[in-house]
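Me: Please examine the complex shown below. I should like to go through its contacts in questions and answers.

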Amino acid sequence: MIEIKDITKTYGSGDSAYTALRGVSFSVDEGEFVAIMGPSGSGKSTLMHILGCLDTPSSGTYHLDGKDVSKMTDDELAEVRKDKIGFVFQSFNLLRRTTVLRNVVLPLIYANVPSPEREERAKQALLSSGLTEEYFNHLSNEISGGQIQRVAIARALVNNPSLILADEPTGNLDSRTSLVVLGTLQKLNREHNRTIVLITHEPDVAEHAGRIIRVSDGRVISIEKNAHPRDATEETRLCDSGQLDLTALSV
Amino acid sequence: MKTQDLLQETYLALSANKARSGLTVLGIVIGIASVIALMAIGQGTQNAVSSSINSLGANLLVVTPGAAKQIGFGASSGRGSAQSLTVSDENALMQVQNVAAVSGEYSGRYQVAVAAANTNTTVDGVDGAYAQIRNIDMNEGSFITSSQAASLGKVAVIGSTVATDLFGANATSTNLVGKAIRINNMQFTITGVMATKGGSGFGSQDDTIFIPLTTALQYFAGNGNQYLSTIDIEATTQQSMTQVQNDITNLLLQRHHISDPTQADFSILNQQELVSAVSSVTGTFTTLLAAIAGISLVVGGIGIMNMMLTTVTERMREIGLRKAIGATRKDINTQFLAEAIALTFVGGGIGVALGWGIAYLVTATGIMTAQVTWSSVLLAFGVSAGIGIVFGWYPARRASNLNPIDALRYE
Ligand SMILES: Nc1ncnc2c1ncn2[C@@H]1O[C@H](COP(=O)(O)OP(=O)(O)OP(=O)(O)O)[C@@H](O)[C@H]1O
Ligand SMILES: [Mg+2]
């Protein structure tokens, strides 16, 4: 599904130029769940923006579903984002002074989904991201950081994208909620065959993925398969019945 | 994006930031309202002045006794101060080519009384032709006739202000013809009440009583006195006024045995010259107001421009986020265009209404007349709407061309 070759990204020019990616190559198959790990400043977000068609690489090629994305026009990229990709940002996620529900409905408006269906799907997405109904009509500045993250996840999956890109989606969440969110992503991955790429600092989170790509200093340093990914839904259940100690889990 | 969604999105975006939207609208309102009000005042004043001059009578020439001074100023000090115009002069002037009507005038201020009230006002002895020369309309009864003049009739035609002063505020609705009135302790009979002429600038006829010239000379001017205060002449056409003025000058010089025109013992006020003198003044006034209006339009426009530019810059992140979740450039462009149109039209609507309201209030106070012109409404609205739309839409259009991350990171 994703195939990138020798991607580089340089910010700025001249003396102040900074190369955040120095030739990254890997591929992700359809239906995979991949985690990207690496220290802060290693270029994870930069890579993610390129994968999400939000930014263009300075050099290298990117094929998404066999099509060369690096040669697409702005409007074609918008089409791709609208139809195929759901994105969860590390920060600046929601429209200000706009209700939670409206934020999630918005991608469906741009995708021309008929209006009665929109609300239903948005509510469904919010519920499955672990946000309760009482917050649906709150403005985006009236909810907590963790709740913002969940609304962002709901927005990313509301238009059933085949590829979901999440930049530290559990970064602001407590362990219990992190497990709920991971469970949601795993369910989308397993039951609906969505491809998921997730950035995280936490090994405990990365172990829920089927493959782990480690980056450092703008380069891929290792790609390893995880034969036995942890099951977040199961862990949530165990945790609720007291059989799993959350403090032992840095999720 | 469907139209309905676009409208909803526009409404939500504008109401999400009420203060910002409110200030933008306010800027537009002030810009438009001040332009409309100022131009209305300019236009209204110009109209009032020219209609007030025209109400003096068309193609009018006024001969006053006394040496020729500057146009427009000689007339006021001339009355009664010199005695050089006579009834026989008046009769002679009727023979001049292209003269349509002539009326001598003998006027003075006298005490006027009825049973219940008294006042002091101008009593003006005139000929019947005066009504034609000065465009007088009657409310009731008729103006002075030549038979009344021939018989030295003690009849009076009163102006509407006089009627109100003497007979109370609702005098015009009561039947005044036939009532007695004492002028300088002499008994007169009212034979007519004039329609209100309005205007006060040029000797209001509303506050005047007209009596036959012969009667005035007989009873008010003293024995055998045949000297007139002024002679009013109406030329047949506007084109003939210069010729009539020259012929009158020559005729009077000859009759008064004066060979040097600079020594003339009379002066002639040409209404046409007065009109052009006054309209050059009001023209300057209107230009001044238009310049002020133009400045407010520019200031208002810059205000709108500022607001729109800050709005878009402030909303760069929003544009980036919208693009990230699937908005195309067209979606962004139409949304910002719709918002700019909504703001400018709401502001424009209120501004036009407010400008109109100010013009109405100014007129209602009676200090000035303000007349709203469609051209000023279109100009003010067009310029503000144009600026609002261009500066609301163009930066958004530029922003929509950025890739989403650059827009999201914009500082
Ligand atoms: N717009 C930009 N202009 C200049 N430099 C940038 C820009 N964006 C990122 N960088 C630089 O690129 C490098 C990689 O940034 P990036 O955001 O990809 O890191 P990251 O791996 O996501 O880090 P973190 O885990 O802290 O989120 C950083 O050193 C950053 O300073
Ligand atoms: Mg990052």
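Me: How many residue pairs are in polar contact between chain A and chain B?
Reply: This is a predicted model, in which local features need pLDDT of at least 70, side-chain atom pairs count only at pLDDT 80 or more, totals for chains, interfaces and linings use all residues, and side-chain values use heavy atoms, with hydrogens and water left out. Residues are numbered from 1 along each chain as its sequence is written, while chains are lettered from A and ligands numbered from 1 in the order in which they are written. A polar contact is a pair of N or O atoms within 3.5 Å; within protein, one must be able to donate a hydrogen and the other to accept it, and residues adjacent in sequence count only if both atoms are side-chain atoms. With both residues at pLDDT 80 or more, the count between chain A and chain B is nine residue pairs.

Me: Which element gives the largest share of the side of chain A that touches chain B?
Reply: Helices (H or I, at least four residues) and strands (E, at least two) are DSSP runs, numbered from the N terminus. Two elements of chain A give two or more residues to this side, namely helix 2 (74–84) and helix 3 (100–110). The largest share, six residues, comes from helix 2 of chain A.

Me: How do the residues of that side of chain A divide into nonpolar, polar and charged?
Reply: Ala, Val, Leu, Ile, Met, Phe, Trp, Tyr, Cys and Pro count as nonpolar, Asp, Glu, Lys and Arg as charged, and the others, Gly among them, as polar. On the side of chain A that touches chain B, the division is eleven nonpolar, four polar and eleven charged.

Me: What area is buried between chain A and chain B?
Reply: Contact (heavy atoms within 4.5 Å) takes in 26 residues from chain A and 30 residues from chain B. Buried area is the accessible area (1.4 Å probe) that two parts lose on being put together, summed over both. Carbon and sulfur atoms give 53% of the area between these chains, which is about 2,600 Å².

Me: Which residue of chain B forms a salt bridge with D75(A)?
Reply: A salt bridge is a side-chain nitrogen of Lys or Arg within 4 Å of a carboxyl oxygen of Asp or Glu, and the rule finds five across the interface of chain A and chain B. D75(A) is partly exposed (between 20% and 50% relative accessible area, with buried under 20% and exposed over 50%; 1.4 Å probe, protein chains only), at 29% relative accessibility. The closest N and O atoms of the pair are 3.1 Å apart, and the partner of D75(A) is R329(B).

Me: With which residue does R102(A) meet in a salt bridge?
Reply: R102(A) is found in helix 3 of chain A and is buried, with a relative accessible area of 9%. Its side chain makes a polar contact with the side chain of Q8(B) at 3.3 Å. The salt bridge, at 2.3 Å from N to O, is with E9(B).

Me: Which residues are linked with R102(A) and E9(B) in a network of salt bridges?
Reply: E9(B) is buried, with a relative accessible area of 3%. The pair crosses between chains, from helix 1 (residues 3–16) of chain B to helix 3 of chain A. The network that holds R102(A) and E9(B) also links R315(B), E318(B), R322(B) and E339(B).

Me: Why is helix 11 of chain B largely enclosed by the rest of the structure?
Reply: Helix 11 of chain B spans residues 316–324, and its buried residues include E318(B) and R322(B). Helix 11 is followed by G326(B), whose phi is positive, near 115°. The helix is largely enclosed because the buried residues number eight of the nine.

Me: Which residues coordinate the magnesium ion (ligand 2)?
Reply: Donors are N, O and S atoms within 2.8 Å of the metal (3.2 Å for Na, K and Ca); water is not among the atoms, so sites may look incomplete. One donor residue lies in helix 1 (residues 44–51) of chain A and the other in the loop between strand 6 (85–88) and helix 3, 45 residues apart. The former is buried, with a relative accessible area of 17%, whereas the latter is partly exposed at 42%. At 1.9 to 2.2 Å, the ion is coordinated by S45(A) (OG) and Q90(A) (OE1).
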